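New to this one? Here's a quick briefing to read alongside the sequence and the 3D view.

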Amino acid sequence: MSAIVVAVIAAVASVSAAVVAGMFALAARRLEARVQSADQVRERISEQKRAMCEPVVDMLDRMFTSDDLPTEEELKHKRRFDTWVNVYGSDGIVRAYSRLMQALPAGAPADIQFRLYADFLIEVRKDIGDPGTAVDRMQILGPRSANLSDRRSLTDPDLNTVCKRLGWVPPWRAK
């Protein structure tokens with residue numbers, strides 16, 4: 001009789017193990033499907049952000065590298081971007097873009113314009129691609145740094161120090 005009891009216990013344990021394994025396998029498949037769905041949503045959002053940012057980055061790049069004026073289509077996209085970046089953009093990209101757009105008409109020195117443009121590009125990289133990006137302003141604008149009067153404008157960690165050194169009061173600090 002004890003051999004039968006041992007056999008029954010072994011059979012029940014095997015069936016129980018199979019049931020538990022099946023439950024874990026089902027849970028793993030469900031989790032994998034949710035993760036895949038979330039990845040697809042993130043990719044779709046990233047593509048939408050890229051489509052929103054790319055024309056503005058192209059326009060700004062041209063402004064900083066040539067004397068070409070923006071086209072009517074670029075200006076139309078920029079106006080749309082001005083609205084929707086506040087809805088879809090990260091806090092960092094909104095802050096960087098806002099500072100850049102305030103500085104340009106306020107007569108910011110070229111060094112500060114370049115710095116703010118680099119800050120904006122870094123935030124775009126974080127928002128669209130790699131949130132943990134480690135590139136800095138010099139790496140972003142290094143090839144163009146010959147246009148700077150002082151490379152510290154890109155390397156100094158404190159924007160206020162750069163502004164003071166160049167004798168410019170940013171509009172977000174005025175008063």
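Let's start with a salt bridge: the side chains of Asp 119 and Arg 137 meet with N and O 2.5 Å apart. This pair ties together distant parts of the chain, with Asp 119 in helix H4 and Arg 137 in helix H5, 18 residues apart. Keep in mind that what you're looking at is a predicted model.

**Around Arg 137**

- Asp 119 and Arg 137 are both buried.
- Why does Arg 137 count as buried? Its relative accessible area is 17%, and the cut-off for buried is under 20%.
- The side chain of Arg 137 also has a polar atom 2.9 Å from the backbone oxygen of Leu 154.
- If you skip the neighbours within four places in sequence, Arg 137 is in contact with Arg 115, Ala 118, Asp 119, Ile 122, Gly 142, Leu 154 and Asp 156.

**Other salt bridges**

- How many salt bridges turn up in a search of the whole structure? The count is nine.
- One of them pairs Asp 127 with Lys 49, and the closest N and O atoms there are 3.1 Å apart.
- That pair also links distant parts of the chain: Asp 127 sits in helix H4 and Lys 49 in helix H1, 78 residues apart.
- Buried or exposed, these two? Asp 127 is buried, and Lys 49 is too.
- Asp 68 forms a salt bridge with Arg 62, with 3.8 Å between the closest N and O atoms.
- Asp 68 counts as partly exposed because its relative accessibility is 44%, and Arg 62 is partly exposed as well, with a relative accessible area of 24%.
- Thanks to shared salt-bridge partners, Arg 62, Asp 68 and Glu 74 are joined into one network.

**The largest nonpolar core**

- The largest nonpolar core has 32 residues, and the ones that touch the most other members are Phe 81, Tyr 117 and Phe 120.
- Which elements give two or more residues to this core? They are H1, helix H2 (72–88), helix H3 (91–103), helix H4 (110–129), helix H5 (137–141) and helix H7 (159–166).
- H4 is the top contributor to this core, giving nine residues.
- Zooming in on Phe 81, and leaving aside its neighbours within four places in sequence, you'll find it in contact with Met 52, Cys 53, Val 56, Tyr 97 and Phe 120.

**Leu 141 in helix H5**

- Helix H5 is home to Leu 141, as well as to Arg 137.
- With a relative accessible area of just 3%, Leu 141 is buried.
- What does Leu 141 touch, not counting residues up to four places away in sequence? The list is Phe 114, Tyr 117, Ala 118, Leu 121 and Leu 154.
- Leu 141 and Leu 60 are 81 residues apart in sequence, and their C-alpha atoms are 13 Å apart in space.

**A nonpolar patch on the surface**

- Over on the surface, Ile 4, Val 8 and Val 12 form a nonpolar patch, and together they have about 280 Å² of accessible area.
- Val 8 belongs to helix H1, which covers residues 2–65.
- Val 8 counts as partly exposed because its relative accessibility is 47%, below the cut-off of over 50% for exposed.

Key
Residues are numbered from 1 along each chain as its sequence is written. This is a predicted model: local features need pLDDT of at least 70, side-chain atom pairs count only at pLDDT 80 or more; totals for chains, interfaces and linings use all residues. Side-chain values use heavy atoms; hydrogens and water are left out. Patches are made of residues with over 30% relative accessible area and no salt bridge: like charges are joined within 9 Å, nonpolar side chains (Val, Leu, Ile, Met, Phe, Trp, Tyr) within 5 Å. Accessible areas come from the Shrake-Rupley method with a 1.4 Å probe; for residues, only the protein chains shown count as cover. A salt bridge is a side-chain nitrogen of Lys or Arg within 4 Å of a carboxyl oxygen of Asp or Glu. Helices (H or I, at least four residues) and strands (E, at least two) are DSSP runs, numbered from the N terminus. Buried means under 20% relative accessible area, exposed over 50%, partly exposed in between (1.4 Å probe, protein chains only). A nonpolar core is a set of buried Ala, Val, Leu, Ile, Met, Phe, Trp, Tyr and Cys residues joined through side-chain atoms within 4.5 Å. Contact means heavy atoms within 4.5 Å. A polar contact is a pair of N or O atoms within 3.5 Å; within protein, one must be able to donate a hydrogen and the other to accept it, and residues adjacent in sequence count only if both atoms are side-chain atoms.
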